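Work through the exercises below with the sequence and the 3D view open. Each task is followed by a solution in steps.

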Amino acid sequence: MKALDLSKEKIATNTIKTKTEQYAGAQEQMKLGKRLVIGGFILSIMGIIAYCVTNFNMTLNQKYHGILVDNSGALLIPTLATIGIGTLVWLIGSFIHLKGAMNSDPSKTDF
Amino acid sequence: MKSLNLAETFKNTNRFEIASFLKARLATMHPSYFALSMATGIVAIAGHLLGLDEMAILLTWINIIIFPILWVLLIARIIIFPKNVIDDLTNHGRAPGFFTVVVSTSVLGTQVELLYKWVAVAEFLWWANLILWLICTYLVFMMLTIRKQKPTLGEGINGGWMISVVATQSVCILGCSLDANMFGNREMALFVLMCFWLFGIMLYLWISALIFYRYMFFSLSTGDLMPPYWINMGAAAITSLAGALIAQAVKSSLLLAHFHSFILGLTIFFWATASWWIPLLLILGVWKHYTRRVPIIYDPLYWGLVFPFGMYSRSTFQLARALEVPFLLGISKVAVVAAIIVWFVTFLGLSGWLLGTPFFARKQQSSLITKVKNKQEA
């Protein structure tokens with residue numbers, strides 16, 4: 001009987017420890033998710049500004065027959081890629097945060 | 001303990017709970033949700049005019065997908081929750097939101113005509129735009145007029161009322177984009193479009209006076225400054241845009257050519273009015289979010305903030321063309337960059353709201369995630 005009680009206690013302690021570890025892991029996931037969301041957001045905004053400036057320079061370049069800014073057209077794809085990558089990073093961060101939120105302590109708010 | 005797998009989570013969630021969640025969202029869906037389509041469309045158009053073709057094409061296709069989805073949701077709401085729709089029609093705060101249906105139809109028509117030369121589709125959308133304008137204008141204003149208990153001016157009026165002006169001007173704008181070829185008689189069509197432009201001006205003058213009076217003589221809380229207050233600027237900008245397009249169109253009209261100077265004068269008047277609003281609205285935004293520390297949390301009404309930026313860019317571009325003054329193009333370019341950024345931020349807010357992510361999302365967990373977590377714990 002005593003051996004059974006002891007093993008029940010052990011299971012309860014292990015369950016509590018595992019829960020604590022799980023919640024701590026979830027918090028870490030949420031922190032990582034937040035960082036990726038902010039990083040992705042900033043990268044996307046920079047990409048949008050760079051894309052617009054590149055396009056306006058290209059138009060200006062065409063207007064002045066190519067004497068103003070050289071090869072601004074080469075930056076078009078990289079700027080679009082920056083926007084795409086930033087959005088992807090944001091999305092990945094969102095899902096990581098969501099996963100962490102679902103594993104986190106239900107008695108606490110996630111924000 | 002296994003960590004939750006998202007796919008398994010939703011598999012284990014009761015389908016009834018998901019259906020209830022979606023139904024609740026549909027029941028309370030704001031009538032101005034078409035502002036999402038409006039905003040996406042106008043930013044695409046402004047981008048296209050300024051050479052940002054890749055962005056314009058992407059946003060156009062997003063709008064082509066969003067527009068029918070919004071219609072499905074609207075029709076579903078009318079069928080499943082007719083009482084909620086009627087309540088919205090008699091609510092001074094929410095009723096003007098129905099005009100976003102009119103504007104989004106016109107914006108989509110202009111997009112497809114400008115980018116892909118789908119003239120037949122644009123013409124169909126113009127007629128749909130006209131019919132929707134007739135229904136919305138006379139239904140909304142009638143319902144608000146005959147309502148027994150009415151709110152005070154301070155409670156009832158807000159920037160959203162200006163969407164009625166935007167809707168009226170949108171009929172004129174799409175018509176001008178089609179070069180007034182809808183009736184087979186260009187002179188008659190131009191006269192009708194000019195009348196719509198003047199209807200819009202009349203509405204703008206009435207409503208802006210009330211809004212200005214409300215801002216200056218009634219107490220204004222941060223809650224009163226909802227994102228649609230930017231439509232004060234958007235309505236003036238679209239009036240300027242319609243004027244610039246009409247001014248260019250009447251040059252070749254035997255009937256209306258002598259109105260050209262009058263139209264141009266009023267066009268500049270409204271562009272100047274729109275420009276006047278911008279610093280005040282920015283200052284009020286700083287007061288709300290920085291001084292009063294109101295957090296920026298996603299709300300569907302934020303799409304009403306995106307639209308004016310795109311519209312200001314387009315109207316400045318068109319005014320520069322009408323007046324043949326290239327120095328205004330710089331302002332148009334700055335406005336379009338701001339419009340794209342604000343569109344993008346709001347789009348992330350919408351996505352974040354759907355996913356429950358930390359930024360631009362609601363501060364409380366969505367009820368669905370809470371239920372799932374509690375179920376797992378049990």
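The exercises that follow concern a predicted model.

**Exercise 1. Chain B as a whole**

Task: State how many helices and strands chain B has, and what share of its residues is buried.

Solution.
- Step 1. Chain B contains 15 helices and zero strands.
- Step 2. Of the 378 residues in chain B, 56% are buried.
- Step 3. Among contacts in chain B with a separation of 6 or more, 82% join residues 24 or more positions apart.
- Step 4. The accessible surface of chain B is about 16500 Å², and carbon and sulfur atoms account for 70% of that area.

**Exercise 2. The span and burial of α9(B)**

Task: Compare the expected span of helix α9 of chain B with the distance between its end C-alpha atoms, then decide how far the helix is enclosed.

Solution.
- Step 1. Helix α9 of chain B runs over residues 163–177, which is 15 residues.
- Step 2. At 1.5 Å a residue, the expected span is 21 Å, because the rise is multiplied by one less than the number of residues.
- Step 3. The end C-alpha atoms are 20 Å apart, which agrees with the expected span.
- Step 4. For burial, the cut-off is under 20% relative accessible area. In α9(B), 15 of the 15 residues are buried, so the helix is largely enclosed by the rest of the structure.
- Step 5. Just after α9(B) comes D179(B), which has a positive phi of about 55°.

**Exercise 3. One residue of α9(B)**

Task: Is L174(B) buried or exposed, and which residues does L174(B) touch beyond four places in sequence?

Solution.
- Step 1. L174(B) belongs to helix α9 of chain B.
- Step 2. Its relative accessibility is 0%, so L174(B) counts as buried.
- Step 3. Not counting residues up to four places away in sequence, L174(B) touches S106(B), G109(B), T110(B), A122(B), L125(B) and W126(B).
- Step 4. S106(B) lies 68 residues from L174(B) along the chain, yet their C-alpha atoms are separated by 5.8 Å.

**Exercise 4. The largest cavity**

Task: Find which helices of chain B line the largest cavity, and which gives the largest share.

Solution.
- Step 1. The whole structure has one cavity of 30 Å³ or more. The largest cavity holds about 60 Å³ of space.
- Step 2. Its lining includes S106(B) and T110(B), together with S170(B), I173(B) and R314(B). Both S106(B) and T110(B) are also contacts of L174(B).
- Step 3. At least two lining residues come from each of α3 (35–49), α6 (99–116), α9, α11 (231–250) and α13 of chain B.
- Step 4. The largest share, three residues, is supplied by α6(B).
- Step 5. By class, the lining has seven nonpolar, three polar and one charged residues.

**Exercise 5. The second largest pocket**

Task: Describe the volume and lining of the second largest pocket.

Solution.
- Step 1. The second largest pocket contains about 440 Å³ of space.
- Step 2. Its lining has 22 residues, and those nearest its centre are H289(B), I296(B), Y302(B), L305(B) and V342(B).
- Step 3. In chain B, α12 (260–291), α13 (303–323) and α14 (329–355) each supply at least two lining residues. α12(B) gives the most, with six.
- Step 4. The lining divides into 17 nonpolar, four polar and one charged residues.

**Exercise 6. A residue of chain A**

Task: Is T79(A) buried or exposed?

Solution.
- Step 1. T79(A) sits in helix α2 (residues 76–103) of chain A.
- Step 2. Its relative accessible area is 7%, so T79(A) is buried.
- Step 3. Apart from neighbours within four places in sequence, T79(A) is in contact with G47(A), A50(A), Y51(A) and T54(A).

How values were computed: Residues are numbered from 1 along each chain as its sequence is written. Chains are lettered from A and ligands numbered from 1 in the order in which they are written. This is a predicted model: local features need pLDDT of at least 70, side-chain atom pairs count only at pLDDT 80 or more; totals for chains, interfaces and linings use all residues. Side-chain values use heavy atoms; hydrogens and water are left out. Helices (H or I, at least four residues) and strands (E, at least two) are DSSP runs, numbered from the N terminus. Buried means under 20% relative accessible area, exposed over 50%, partly exposed in between (1.4 Å probe, protein chains only). Contact means heavy atoms within 4.5 Å. Accessible areas come from the Shrake-Rupley method with a 1.4 Å probe; for residues, only the protein chains shown count as cover. On a 1 Å grid over the protein atoms alone, a cavity is a set of points where a 1.4 Å probe fits but cannot get out, and a pocket is an open set with protein on both sides within 12 Å along at least five of seven lines; lining residues have an atom within 4 Å of a point. Grid points are joined across faces, edges and corners, and a volume is the space filled by probe spheres set on the points. Ala, Val, Leu, Ile, Met, Phe, Trp, Tyr, Cys and Pro count as nonpolar, Asp, Glu, Lys and Arg as charged, and the others, Gly among them, as polar.
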